[in-house]
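Please find below my note on the model you sent for comment. I have kept to the relation of the chains, their interface and selected parts of the strand pairing.

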There are 2 protein chains.
Amino acid sequence: MIKLGGSVITDKTRYKTLRTDVLARLAGEIKSSGKDVILVHGAGSYGHIIAAENELQKGYLRDSQITAASQVMEDVKNLDLDVTKCFNGAGMPCVSLPPSAITKLQSGKLNELDCEVFKEYLDIGIMPVTFGDVCLDSERKFGICSGDQLMMRLAEHFKPEVTIFCTDVDGVYTSDPYSNDDAELIKVITQDVLNKLPRTQHCADVTGSIFKKIEHMLNIAEYSKAMVINGLVPGRLKAALCNEEVIGSRVECCNERN
Amino acid sequence: MIKLGGSVITDKTRYKTLRTDVLARLAGEIKSSGKDVILVHGAGSYGHIIAAENELQKGYLRDSQITAASQVMEDVKNLDLDVTKCFNGAGMPCVSLPPSAITKLQSGKLNELDCEVFKEYLDIGIMPVTFGDVCLDSERKFGICSGDQLMMRLAEHFKPEVTIFCTDVDGVYTSDPYSNDDAELIKVITQDVLNKLPRTQHCADVTGSIFKKIEHMLNIAEYSKAMVINGLVPGRLKAALCNEEVIGSRVECCNERN
């Protein structure tokens, strides 16, 4: 199972620029690995801005959120269509399974998800693709279903050989490697390591922060080998899928350590 | 419930030109009617050509159909995104519910469809939109779920006040009104009228022909007032939604006549 992080999909310095060259190469790496893959991507700049402005992650508060919710669903489907175009175009047949159609939250937590439809597409040779989206919430009318929530549920259900978070840096660092020369790659992430990371608010978004992300990863590691790798370096995704040694951060769950 | 016929969505003489002006006006008419509406649209030229070339309506026959199936799913999602953009842009919030994610066929017939998700979006003021698509088939791996099959199932489930087939002519004619001056509008369509229509093959597509369409309409008329109207004439959709007299073809089911 692969999660494409926002930075791989959208170049944040050039707002809404899709890295189609990167996606086409990644499609080729998945295809040549010969593995059955479920792909999850974030909403990137397509979803987070309007979602945050309108507090969609809190559920229904006021009527004006309804048009914002529809707008976000349109925007993330726009991104998703661009992603699936890249994969189909690179000879990796895929189908988009939007959370707004197949999931339901309960008070912000993923409750219902039809996992069977993912398996049925895999069985006929079509890669299922899903993504962060606005969806129904049985208590709050609507809410945000993040790509990470989907990853966790799918990992629990399918227990994949490996779960790969594909991003634009080599793994999880002690600080931002683009601005700090002394940032260090954390090769093994555990609950203890997470507890010791310095807490800052600057990277919080509607789906949480990097700490929330790592917590999701630690949960996923209960069901699947979990790692964070750099999707911008050719060959790393294929190597990770094929269980070869690869530069990155390995995530190890508490259960393995206790 | 409204079905937008292919001709309203795509101008066939100018292949893949979306009639965004028409859709924006129709969005305004739906909004000002104040009615809860489910919208279904066809696949138009976006889906039918590759689907027919690859016999996708027959289900799995050979591996090359898999890339064709993914391509059609991408193409119809492209059309659907353009449709939802028009409606959101015209102040009519909507959500796309793709059959590839929420329906399953059994030997080409619509078997499973989660109708509840349509109701839940209606309840929070978001118009559900669905469309003709490739989807899973429990016997044939995949198949085509037509907009008309969806209309029939949704009509049976929701029993809407009125079901409107919105097209680019005034209703169902005895022959093509664009090429025959003596074509006559059929004001009331029944099974008897259908039986007497001259049968030609020229309008058959992967989802059937106009005769198949009328059969679907006759079935729908068991659950809902059913009619075919001209979406290109301003005001007709709103009038039909508000139960006013409007030029068109009324479809009457056998049960009412027998």
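The points that follow go from the pair of chains to the individual strands.

1. The model is predicted, and the remarks below should be read with that in mind. Chain A can be laid on chain B by a turn of 180° with a shift of 0.0 Å along the axis, and the RMSD of that fit is 0.0 Å. This is the relation of a two-fold axis. In keeping with it, the same surface serves both copies, since 100% of the contact residues of chain A recur in chain B.

2. On the extent of the interface, 33 residues of chain A are in contact with 33 residues of chain B. The two chains bury about 2700 Å² between them, and 66% of that area lies on carbon and sulfur atoms. Of the area that chain A buries against chain B, 20% is supplied by Glu74(A), Ile124(A) and Leu136(A), more than by any other three residues.

3. As for polar and charged interactions, ten residue pairs are counted in polar contact between chain A and chain B, with both residues at pLDDT 80 or more. The rule finds two salt bridges across this interface. In a salt bridge between Lys104(A) and Glu120(B), the closest N and O atoms are 2.7 Å apart.

4. Which elements give two or more residues to the side of chain A that touches chain B? They are the helices α4 (64-89), α5 (99-102) and α6 (116-123), together with the strands β5 (94-96), β9 (133-137) and β10 (141-145), of chain A. The most is given by α4(A), with twelve residues. Sorted by kind, the residues on this side of chain A comprise 18 nonpolar, nine polar and six charged.

5. Lys104(A), already named for its salt bridge with Glu120(B), also has a place in the strand pairing, where its bridge partner in β9(A) is Leu136(A). Leu136(A) is in turn one of the three residues singled out above for the area that chain A buries against chain B. Two bridges join β6(A) to β9(A), and these strands run parallel.

6. Strand β6 (residues 103-106) of chain A is also joined by four bridges to β7 (residues 109-113) of chain A, here with the strands running antiparallel. Within this pairing, Gln106(A) stands opposite Lys109(A) in β7(A). The two strands form a hairpin with two residues between them, and Ser107(A) in the turn has a positive phi of about 50°.

7. In chain B, an open sheet of eight strands with mixed pairing has the order β5-β8-β4-β1-β11-β13-β14-β12. Its edges are β5 (94-96) and β12 (188-189) of chain B, each with a single partner strand, so one side of each is left without a neighbour in the sheet. Elsewhere in this chain, three bridges join β13 (residues 225-230) to β14 (residues 249-251) of chain B in antiparallel fashion, and Met227(B) stands opposite Arg250(B) in β14(B).

Definitions and conventions
Residues are numbered from 1 along each chain as its sequence is written. Chains are lettered from A and ligands numbered from 1 in the order in which they are written. This is a predicted model: local features need pLDDT of at least 70, side-chain atom pairs count only at pLDDT 80 or more; totals for chains, interfaces and linings use all residues. Side-chain values use heavy atoms; hydrogens and water are left out. Copies are superposed by least squares on the C-alpha atoms of residues with pLDDT of at least 70 in both. Contact means heavy atoms within 4.5 Å. Buried area is the accessible area (1.4 Å probe) that two parts lose on being put together, summed over both. A salt bridge is a side-chain nitrogen of Lys or Arg within 4 Å of a carboxyl oxygen of Asp or Glu. A polar contact is a pair of N or O atoms within 3.5 Å; within protein, one must be able to donate a hydrogen and the other to accept it, and residues adjacent in sequence count only if both atoms are side-chain atoms. Ala, Val, Leu, Ile, Met, Phe, Trp, Tyr, Cys and Pro count as nonpolar, Asp, Glu, Lys and Arg as charged, and the others, Gly among them, as polar. Two strands pair if DSSP finds at least two bridges between them.
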